[in-house]
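Subject: Structure for your review

Dear colleague,

Please find below the structure that I am handing over to you. My notes on what was found in it follow.

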Amino acid sequence: MKKIFIYLSLLVAIAVGSCQKSLTEVPLDFYTPENSFTNKAQFESALAGTYLAFRTDMYAFTDDWSNYDMLGIDLDLSNVVHNSPVSKFYFAWDRMNADNSFASKWWSRLYKYIAQANTIIDRADLSTAVWTSESEKYAIVGEAKFLRAFAYHFLANMWGGVPLVLQETKTPKFDYVRATQQQVYEQCKADLEFAVQHMPAIDQNKSGRASREAAYHLLSEINISLKDYPAAVAAASAVIDGGKLQLMTSRFGVNKDFKFSGYDSQGAGAPWGDVYWDLFQEGNMTYKEGNREAIWNMTQDPAIKGGNSVDERGYFTMDRWWGPLFWQAKDKNGVQNWLLDTLNGRPVAGLIVTDYADRIIWDYKADFSKDMRNSEYNIQRDFYFTNPNSTYFGQKITKENTDASTHSLWKIRTSSRYMKFVRAVPLGLATDASSKKKNDAGRNWKDWYIMRLAETYLLRAEAQMLQGNMGGAAADVNAIRNRAKATPVDAADVNIDLILDERARELYGEEFRLNTLMRTGKLVEYLNKYNGYLKENNLVAPDFVNKLPIPRREIEANTAAVLDQNPGYN
């Protein structure tokens, strides 16, 4: 069973004084910063707090589409529509400024993770910390350094140079200055080189925690940013060729024998799915569950209180926010469609695919009908009337058999839907008012991927391309494409756009797309080519938004030194 780690709250003791003499309280029955880091279990609890903060912030902070703002929304992959026929903005790329809420939110969150990691690293060396061995201590410190590097790599990619804070902050500080982006990357590399020496391998690790392989994966990306391409290849190869991980190439797991009557709900159940579909079935997604492609997951456990459990329902609601409102389409007679109980989900048209993610990337090499990742199992493009009360029951929803209100909302009624977000069979938390069928109100309990081996291959492909080994780069891209039954690429096909397209095909909704586009310097280009809001409103993202603004509040609070703003922002 997966274990959910409980965060150990650290309460600060207050010294109480009087006019006669000062009193020093010695807490005996509650935790303080002074007595909370004395053994391995307490340090692991502190690590768990950082993991929990990241899981919550990135995936389950709120029941809203904005919860997934690092994963491709309002970029090139997904338009923000929120049940509207027109695209909306989230980042406001054409008017980005130093008061932008996304920039402020993630700046604070990332430095929070860093502060927590620094506390663990520093206190591991105090005399009050009792370790059974140096290896026990170094494993904890290595994990904290990995988490610190993980936070700093976002900061470096998205802001450039940022303040480097490497010790626990115990008193207010108002004189931060920016290190260079190069210095931040170098610190990430130093942390990760320590981590890979001391973190446990993935087969010795607990679900939800990062392993040595995760550290090597991140080290590969950092070495690309440092332009040390041989080192980037070596780090990725330590994961790919390390003997513990491999791409899943045949059907596996809990739903490999799943049968389904089809999206039209007609006929007897028939075999459904492929190996790519299997990768996203609850119960299949972690290494401990037999998935040898999973490197690091955001874990949940509906059977445990605090694990985003069934009775809590939770805010991991990808099913709810990514996909069209097809079940509210009405036929020509005004009869509304409804939710089914299997492979139906409950999308509410918060986010829908861009043309880039729906069509452009799949037209490559005429593979639209060949690439497994674009099969009907993995992307639903046709929606049907499944309400038996409709004259059109079992028929595909078209403009000819639907009413005027459905026509006016056509984009959000029938936009293509990536099925990786949908749970195959609902647990039945809620009941649809019309169909009386059970659903989960858009929730699922998938252990979503933070890192997956397919991405490691694409990192190594990128590094090999940048060092001029185009044949090696093509071979790594083809490892992914061969699994998907797609047409192989040639060495001459390889460039950064191919790799970004392949990342979109393979890692939609998984990779930190904003981070990737900023790291590769392609954000502005891709926004202006593919972003729905900008294109629909004839707007242009300016070049300077390839780096985010330092939040104004941080600059103004830093009164004892100048925290320079990124160019282009006032």
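In which strand is isoleucine 379 found? Isoleucine 379 lies in strand E8. Please bear in mind throughout that the model is predicted.

I shall stay with this residue for a moment. Isoleucine 379 has a relative accessibility of 3% and therefore counts as buried, the cut-off being under 20%. Setting aside residues up to four places away in sequence, isoleucine 379 touches Trp362, Arg373, Asn374, Ser416, Arg417, Tyr418 and Met419. Aspartate 63 is 316 residues from isoleucine 379 in sequence, and the C-alpha atoms of the two are 23 Å apart in space.

Overall architecture

The protein contains 18 helices and twelve strands. Its radius of gyration is 25 Å, close to the 25 Å that the globule rule gives for 570 residues, so the protein is as compact as a globular protein of that length. The C-alpha trace spans about 85 × 55 × 50 Å along its principal axes. Of the 570 residues, 58% count as buried. When contacts between residues at least 6 apart in sequence are considered, 72% of them join residues at least 24 apart.

Nonpolar cores

In soluble globular proteins, nonpolar side chains tend to be buried together. In this model, the largest nonpolar core has 154 residues. Those with the most contacts inside this core are Tyr59, Trp93, Phe146, Trp159, Trp296, Phe512 and Leu514. Helix H3, which covers residues 134-159, supplies the largest share of the core, with 14 residues. There is also a second, separate core of nine residues, which includes Phe260, Tyr263, Trp272 and Met419. Met419 has appeared above already, among the residues that isoleucine 379 touches.

Tyrosine 59 merits a closer look. Apart from its neighbours within four places in sequence, tyrosine 59 is in contact with Phe54, Asn67, Tyr68, Leu71, Met298, Tyr315, Phe316, Trp448, Tyr449, Ile450 and Phe512. Phe512 is itself listed with the residues that have the most contacts inside the largest core.

Cavities

Rolling a probe the size of a water molecule over the atoms shows where empty space is left. A search of the whole structure finds eight cavities of 30 Å³ or more. The second largest cavity holds about 120 Å³ of space. It is lined by 14 residues, of which Lys206, Ser207, Gly208, Tyr287 and Ile295 are the closest to its centre. By class, this lining is made up of five nonpolar, six polar and three charged residues.

Individual residues in helices

Two residues of helix H5 may be set side by side. Helix H5 covers residues 212-225, and serine 225 is placed in it. Arginine 212 is found in helix H5 as well. Is serine 225 buried or exposed? Serine 225 counts as buried, at 14% relative accessibility, whereas arginine 212 counts as partly exposed, at 29%. Leaving out neighbours within four places in sequence, serine 225 is in contact with Asn157, Tyr185 and Arg519. On the same basis, arginine 212 touches Val196, Met199, Pro200 and Ala201. The C-alpha atoms of arginine 212 and valine 239 are separated by 8.8 Å, with their positions 27 residues apart along the chain.

Threonine 119 belongs to helix H2. This threonine 119 is buried, with a relative accessible area of 14%. Beyond its neighbours within four places in sequence, threonine 119 is in contact with Phe37 and Glu168. Glutamine 167 is 48 residues from threonine 119 in sequence, and the two are 7.2 Å apart in space, C-alpha to C-alpha.

Backbone angles in loops

Two loop residues should be noted for their phi angles. Asparagine 83 has a phi near 60 degrees, a positive value in a residue other than glycine. Asparagine 83 sits in the loop between strand E3 (78-80) and helix H2 (101-123), and is partly exposed, with a relative accessible area of 39%. Lysine 365 is not a glycine either, yet has a positive phi of about 55 degrees. The loop that holds lysine 365 runs between helix H9 (355-358) and strand E8 (379-380). At 30% relative accessibility, lysine 365 counts as partly exposed.

Yours sincerely

Technical notes. Residues are numbered from 1 along each chain as its sequence is written. This is a predicted model: local features need pLDDT of at least 70, side-chain atom pairs count only at pLDDT 80 or more; totals for chains, interfaces and linings use all residues. Side-chain values use heavy atoms; hydrogens and water are left out. On a 1 Å grid over the protein atoms alone, a cavity is a set of points where a 1.4 Å probe fits but cannot get out, and a pocket is an open set with protein on both sides within 12 Å along at least five of seven lines; lining residues have an atom within 4 Å of a point. Grid points are joined across faces, edges and corners, and a volume is the space filled by probe spheres set on the points. Ala, Val, Leu, Ile, Met, Phe, Trp, Tyr, Cys and Pro count as nonpolar, Asp, Glu, Lys and Arg as charged, and the others, Gly among them, as polar. A nonpolar core is a set of buried Ala, Val, Leu, Ile, Met, Phe, Trp, Tyr and Cys residues joined through side-chain atoms within 4.5 Å. Buried means under 20% relative accessible area, exposed over 50%, partly exposed in between (1.4 Å probe, protein chains only). Helices (H or I, at least four residues) and strands (E, at least two) are DSSP runs, numbered from the N terminus. Contact means heavy atoms within 4.5 Å. The radius of gyration is taken over C-alpha atoms; the globule rule is 2.2 Å times the number of residues to the power 0.38.
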